[in-house]
Amino acid sequence: MPWSGLSDLLGSDVILDAFLLSLFVSFSAALIVFVFGIPIAWFLARSNFSFMKLLRAVVLLPMVLPPVVGGTALLFAFGRQGFLGKWLNDWFGLTLPFTTAGSVVAAVFVSMPFFVVAVESAFRSINEDLEKTAETLGASSLKIFLKVTLPRIFPSIVAGLALSWARALGEFGATITFAGNMPGETQTLPLAIFLALETKPEAALALSLVMIVTSLSILIPFRDQWLPSR
Amino acid sequence: MLELNGSLDLEHFTLKIKLEIDKNETVSLLGPNGSGKSTLLRLICGLEKLTTGSLRINTNIVDSENTFLHSRFRNVGWVPQNQMLFDHLTVKQNIEFSPNSSSEEVSELIELFDLEHVQDKKAGNCSGGESQRVAIARAIASKPQILLLDEPSTGLDEKSKQIIHRYLKTQKGVATLLITHDPLEAASLSERLIILEKGVITQSGTADELRNSPATPYSASLVGLNFVPAIANGLVAETSKGVELILSESIQGPVNIVIPPKSIALYKEKPIGSPRNVLMAKILEINHVGENVRINLDGQLDFMAEITNNAFEVLNLHKGDEVWAAFKATELIATPV
């Protein structure tokens with residue numbers, strides 16, 4: 001085990017680039033998941049829409065699909081000739097596949113369900129009479145949401161974010177399918193590890209170490225949020 | 001102030017209510033569990049919608065076939081049975097939650113409900129009695145026209161109960177509807193008692209009226225009386241189980257018969273002599289209440305007898321014993337239905 005070269009390896013540009021890109025992609029994905037995930041979770045928890053079961057299944061689908069299938073689906077949707085990609089390209093000149101933005105989209109796609117599941121169950125666990133009592137006191141819906149509902153589900157939001165961030169950080173299949181493996185642009189840590197394994201196995205080990213440390217340093221503080229400690 | 005005449009279909013029965021409450025009036029709502037009391041409160045504060053009929057608060061119709069005013073705009077203070085405090089906020093923040101609250105009134109209420117020492121405590125850490133006081137203060141701070149209290153003093157410590165009772169006795173200008181299981185509390189806090197059974201008001205009146213002529217077995221049990229519906233034919237009334245009771249006055253048709261437990265005498269052997277009602281029964285339960293002993297009997301009629309401790313000792317009664325229960329015709333109260 002060539003531990004002696006570890007510090008050199010960790011300092012190399014390729015690894016640093018992959019590390020920074022991974023952080024950027026995973027945190028961007030977490031932000032997007034947070035912004036869109038809360039309304040989706042709220043809708044799933046509170047609406048009586050008749051196709052709710054189907055909708056919930058669709059939202060959870062990325063959790064059970066092999067990521068490569070998700071990447072393929074994204075490629076068909078957002079590729080240059082895809083029905084959404086064509087539209088994005090024509091109207092906004094925006095191309096997702098094989099760009100950093102594409103990596104973020106892939107990460108959002110696979111990590112969203114983790115957040116939605118956590119937050120939806122938190123919404124469900126609130127006794128609706130609590131919000132109704134606030135209504136009878138004359139409070140506006142916004143005030144009730146911000147002052148009564150949100151503080152109650154806050155721990156689940158944090159836990160859900162940590163989980164989905166971790167999932168985004170580890171994302172591999174959908175990213176390599178949809179965004180490719182370009183150093184500095186779409187080559188996140190897992191992709192760099194995959195590549196390094198073919199050429200420089202010790203670099204793969206070093207990168208794996210970086211991933212483990214990064215993940216633990218984020219997950220440990222939030223561990224109690226989803227696994228209540230005794 | 002409040003005028004309700006309408007119905008709401010529930011799972012097992014229909015809540016069918018005609019009720020008026022004046023400004024300044026406190027009305028107590030009593031009834032067995034599952035009779036629709038809490039649902040009635042939810043209906044008034046706008047968490048349920050009437051199936052038929054209408055609800056008027058002040059001069060506005062707030063619920064009818066084609067109107068429904070959201071609970072936010074009804075100005076009704078609702079204190080649900082489990083308080084529903086905002087646990088993550090402090091006591092003070094809970095009380096000032098309503099946009100209608102004013103800071104002077106909030107401080108007044110904190111003082112009135114003796115919450116100064118806990119005002120900065122998280123509501124989630126309050127005791128049961130504190131929580132109930134916070135919940136009531138919070139509802140009052142929203143300046144309601146109608147106050148709805150769902151069992152406000154059930155299971156509370158004596159001090160909290162007193163504080164709440166003192167407030168309810170002195171408050172002015174708020175129509176109050178109070179659910180309780182305690183007829184004494186109802187009598188001390190309200191002019192009018194309403195009995196709700198299976199969604200229907202079976203009796204409405206003062207505590208005295210309830211005591212003197214309970215309309216149903218439930219009303220009678222509330223005031224500690226035995227109640228037997230029967231069909232009278234002259235001086236004899238026959239119950240649904242075929243038991244014949246001797247009356248002191250001749251009546252025809254359906255009657256409600258009330259038998260005060262203290263008028264029932266118990267014997268180990270069948271008593272002979274004067275024209276009395278004599279029934280055989282088995283002792284189900286024995287409860288000591290101060291100077292007296294209440295004995296629940298099961299036999300041709302289910303009823304309760306109350307005898308003195310002395311008599312109880314002389315008779316040497318035990319649970320499961322068979323006894324003869326006797327009472328004079330003049331002690332029955334038979335009211336034609």
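Reader: What pLDDT does chain B average?

Author: Keep in mind that this is a predicted model, so pLDDT is the predictor's own confidence in each residue, on a scale from 0 to 100. In chain B, 99% of the residues score at least 70. The average for chain B comes out at 90.

Reader: And the complex, what ipTM does the predictor give it?

Author: Two scores come with the complex. The pTM is 0.80. The ipTM is 0.79.

Reader: Okay, on to the fold. How many helices and how many strands are there in chain A?

Author: Reading along the sequence, you meet the pattern α-α-α-α-α-α-α-α-α-α-α. That leaves chain A with zero strands, and its helices number eleven.

Reader: What share of the residues in chain A is buried?

Author: Here a residue counts as buried if 20 or more other C-beta atoms lie within 10 Å of its own. Chain A has 230 residues to test that way. The buried share is 38%.

Reader: Now the contact between the chains: which helix of chain A gives the most to the side that touches chain B?

Author: The contact takes 16 residues from chain B and 13 residues from chain A. On the chain A side, α7 (128–136) and α8 (141–169) each supply at least two residues. With seven residues, the top contributor is α7(A).

Reader: How many residues on that side of chain A are nonpolar, polar and charged?

Author: Take the side of chain A that touches chain B and sort its residues by type. Four are charged and three are polar. The nonpolar ones number six.

How values were computed. Residues numbered from 1 in each chain as written. Chains lettered and ligands numbered in written order. Predicted model: local features only at pLDDT ≥ 70, side-chain atom pairs only at ≥ 80, totals over all residues. Helix = DSSP H or I, 4+ residues; strand = E, 2+ residues; numbered from the N terminus. Buried ≥ 20, exposed ≤ 12 C-beta atoms within 10 Å, placed from the backbone. Contact = placed C-beta atoms within 7 Å. Nonpolar A, V, L, I, M, F, W, Y, C, P; charged D, E, K, R; others polar.
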